[in-house]
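Please look at the sequence and the 3D structure below before reading on. The report that follows describes how some of the parts are arranged.

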Amino acid sequence: MNWGKENKMNRIFAKDGRTVMLAIDHGYFMGPVTGMENPAEATKKLIPHVDSLMLSPGILNSSIPTNFNGGVVLRSSGGSSISQPDITDELLTLEAKEAIKLNASAMAVSFYLGTKHEHQTIKALTKAINTASDFDLPVLAVTAVGKALEDKRELKFLSLASRIAAEFGADIVKTYYCDGFEKLINAVPKPVVVAGGPKLDSNRAVFELVYNSMQKGAAGVDLGRNVWKNNDPEIMIKIIKEIVHNNITPDQAEEMFRDLKK
Ligand code: R5P
């Protein structure tokens, strides 16, 4: 890896090789989702606690202070929305040179294995990888499941998708946590970050998701709704940071939550 690419990766990942990435890109297909109606307002108190942000170019430009010096992972694929029954019809929406102009640390591209748009979205991913390479710009591949594939959050599917992303040259793979996650990590020779998915039932469940992901070899988490849909988003992000970087346990996380709530 040359200096330019390594420097971009180092903006995403802290010195311990781990990242707390906050995902706020949901508006690219969900519009003003609850909790993220006003991105500038919703992220103001969270940004100081994150290593990196995953977001779309318009929200970066409009809502994030230009003195933010963490990693910027730019949503670079899209093309359908929740107004359609099928949200998998995606293509590349951002050129690598535009991402570079925005001082991005990486492009993020989703691909939808097992859907009728598998081929098209793999093509978008590989195009991003090939063009980003001209600028030594890393690419984060999102192993997207979409609504129709919600039941695919299991080892066989997620390790198939994650390994394929790594084979094509993605620098970072974003996937879901699943039973047997350590086997996925063993089969994917790239840093893997874990997405959260819809809001979980309890804070404890979020702490366990983050803790188990890190213990089984994830390089970080890329959570969205389980942070900013929470009634205490700032407390949640502070605790997630402690789990990711200091290995605090779910019990300790609960204790920290109680202390910070006081
Ligand atoms: C997928 O790439 C989405 O746009 C989100 O970035 C991803 O789902 C992570 O957010 P959440 O933790 O809310 O699922």
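## The barrel and its first helix

Eight strands form a closed barrel in the order E1-E2-E3-E6-E7-E8-E9-E10, with parallel pairing, where two strands pair if DSSP finds at least two bridges between them. Helices (H or I, at least four residues) and strands (E, at least two) are DSSP runs, numbered from the N terminus. The model is predicted, so local features need pLDDT of at least 70 and side-chain atom pairs count only at pLDDT 80 or more, while totals for chains, interfaces and linings use all residues. Residues are numbered from 1 along each chain as its sequence is written.

Strand E8 (residues 172-175) runs parallel to strand E9 (residues 192-195) and is joined to it by three bridges, and Lys-174 stands opposite Val-193 in E9.

Helix H1 (residues 3-12) has two sets of residues, set out here; a residue is buried if 20 or more other C-beta atoms, placed from the backbone, lie within 10 Å of its own, exposed if 12 or fewer, and partly exposed in between.

| Set in H1 | Residues |
|---|---|
| Buried | Lys-8, Arg-11 and Ile-12 |
| Exposed, on the face turned away from the buried side | Trp-3, Glu-6 and Asn-7 |

The buried residues lie on the same side of H1 because they cover an arc of only 105° around the axis, the arc being that of the directions from the helix axis to the C-beta atoms. These buried residues pack against strands E1 (19-23), E2 (52-55), E3 (71-75) and E6 (106-111), with contact meaning that C-beta atoms, placed from the backbone, lie within 7 Å.

Notes:
Contact = placed C-beta atoms within 7 Å.
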